[in-house]
Amino acid sequence: MNKISTIAIDIGHNVQFDGGALGIKSENVLNFEVGTKLIEKCRAVGINVINCTPKSAVSLYDSLNKRVEAANNRNADFFISIHHNACAGGHGTEILCIPGGKAEEVANIILPEIVKLGFSNRGVKPRNDLFVLNKTNMSAILIECAFCDSKRDMQNYDTEKVAEAIFQGLYKAFNISKTTEVYHIVAPGDTLWALTRKYGTTINNIVTLNNIKNINLICPGQKLRMK
Ligand SMILES: [Zn+2]
């Protein structure tokens with residue numbers, strides 16, 4: 001499959017008027033943890049990530065629409081929405097998408113990676129009625145990682161392992177290869193902004209790669225990883 005350069009990641013709910021399910025654990029918290037970790041993993045291999053999660057919303061429609069617009073406006077190559085299911089009695093993992101295209105293909109590669117962690121496989125399910133799948137211009141999937149109200153799923157639930165499984169699926173689906181590491185020795189007068197232009201990267205990437213606490217404090221002689 002084609003390489004991916006920009007991916008839209010949507011952390012489901014987590015905003016006013018769009019609350020997640022409440023189970024043994026809160027869907028909001030699980031979505032946030034899995035989504036944030038997935039974003040970090042993608043950025044670490046040089047993928048440009050659009051975090052589509054809105055900071056505020058005035059209605060459910062506004063929340064969903066902002067997610068879609070964030071992905072569409074910046075021409076993401078692929079869209080992933082992170083959710084956790086709830087329905088007394090259910091358990092396992094499923095991925096929802098509009099069938100018949102790249103989304104279904106990628107979903108079929110990611111799903112077994114999550115299932116490997118010990119969840120039951122509920123399949124890739126065709127859904128034509130979901131706003132974030134319908135309105136996004138690019139291929140889109142919605143992952144219901146597990147049931148947040150299932151004892152079986154929530155026992156020993158590890159958001160790091162789930163994020164890593166989704167990342168491994170993406171890795172396989174898009175033949176992602178780690179970018180070769182590139183370093184820069186800071187010279188007097190260098191600024192992070194100038195370095196982003198020189199190396200074709202972003203301040204966020206440099207900050208993450210080097211664990212920089214204060215972006216105004218870089219010192220001549222310091223070795224910084226650019227990619
Ligand atoms: Zn949800």
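How many of the five residues of strand β4 (residues 93–97) are buried? In this predicted model, five of the five are buried, so β4 is largely enclosed by the rest of the structure. The residues of β4 point in two directions. Thr93, Ile95 and Cys97 point one way. Glu94 and Leu96 point the other way. All of these residues are buried.

The partners of β4 were examined next. Strand β5 (residues 121–126) runs parallel to β4, and four bridges join the two. Within this pairing, Thr93 stands opposite Asn121 of β5. Helix α3 (residues 102–115) also belongs to this part of the fold. Together, β4, α3 and β5 form a β-α-β unit, and the unit is right-handed. A further partner of β4 is strand β6 (residues 139–147). Here the strands run antiparallel, again with four bridges. Cys97 has Ile141 of β6 as its bridge partner.

Strand β1 also has its residues covered. Six of its six residues are buried. On one side lie Thr6, Ala8 and Asp10, all buried. On the other side lie Ile7, Ile9 and Ile11, which are buried as well. Both faces of β1 are therefore covered, given that buried means under 20% relative accessible area.

Two strands pair with β1. Strand β2 (residues 48–51) is parallel to β1 and is joined to it by four bridges. Ile9 is bridged to Asn51 in β2. Between these two strands the chain passes through α1, and this β-α-β crossover is right-handed. Strand β3 pairs with β1 over five bridges, also in the parallel sense. In this case Ile11 is the bridge partner of Ile82 in β3.

A zinc ion is bound by protein atoms from three residues: His13 (NE2), Glu27 (OE) and His83 (ND1). These donors lie 2.1 to 2.2 Å from the ion. Along the sequence, the donor residues follow the spacing H-x13-E-x55-H. The histidine pair links distant parts of the chain. His13 is in the loop between β1 (6–11) and α1 (27–44), whereas His83 is in strand β3 (residues 78–85). The two are 70 residues apart. Both histidines are buried.

The backbone of His13 deserves a separate look. Most residues other than glycine have a negative phi. His13 is not a glycine, yet its phi is positive, at about 60°. Its relative accessible area is 14%, so His13 counts as buried. Asn14 is found in the same loop as His13, between β1 and α1. Phi of Asn14 is positive too, near 65°, and Asn14 is not a glycine either. Asn14 has 28% relative accessibility and therefore counts as partly exposed.

Helix α2 (residues 60–73) holds two residues with contacts elsewhere in the chain. Arg67 lies in this helix. At 1% relative accessibility, Arg67 is buried. Beyond its neighbours within four places in sequence, Arg67 touches many parts of the chain, and its contacts include Asp10, Ile11, Gly12 and His13. Val15, Asp18, Cys52, Thr53 and Pro54 are also among them. So are Phe79 and Val132. In contrast, the C-alpha atoms of Arg67 and Ser150 are separated by 28 Å, with their positions 83 residues apart along the chain.

Asn72 is found in α2 as well. Its relative accessible area is 15%, so Asn72 is buried. With neighbours within four places in sequence left aside, Asn72 is in contact with Lys135, Thr136, Asn137 and Met138.

The protein as a whole has eight helices and eight strands. Its radius of gyration is 19 Å, close to the 17 Å that the globule rule gives for 227 residues, so the protein is as compact as a globular protein of that length. The C-alpha atoms fill a box of roughly 60 × 40 × 35 Å along the principal axes. Of the 227 residues, 47% count as buried. Among contacts with a separation of 6 or more, 76% are between residues 24 or more positions apart.

One annotated region lies at residues 182–226. An unreviewed UniProt entry lists these residues as "domain: LysM". Over this stretch the chain is 36% helix and 13% strand. The C-alpha atoms at its ends are 5 Å apart.

Notes: Residues numbered from 1 in each chain as written. Predicted model: local features only at pLDDT ≥ 70, side-chain atom pairs only at ≥ 80, totals over all residues. Heavy atoms only, no water. Donors = N, O, S within 2.8 Å, 3.2 Å for Na, K, Ca; no water. Buried < 20%, exposed > 50% of the residue type's maximum accessible area, 1.4 Å probe, protein only. Pairing = 2+ DSSP bridges. Right-handed = clockwise from strand over helix to strand, strands pointing away. UniProt positions renumbered as here; feature names shortened; annotations may be inferred. Rg over C-alpha atoms; globule rule 2.2 N^0.38 Å. Contact = heavy atoms within 4.5 Å.
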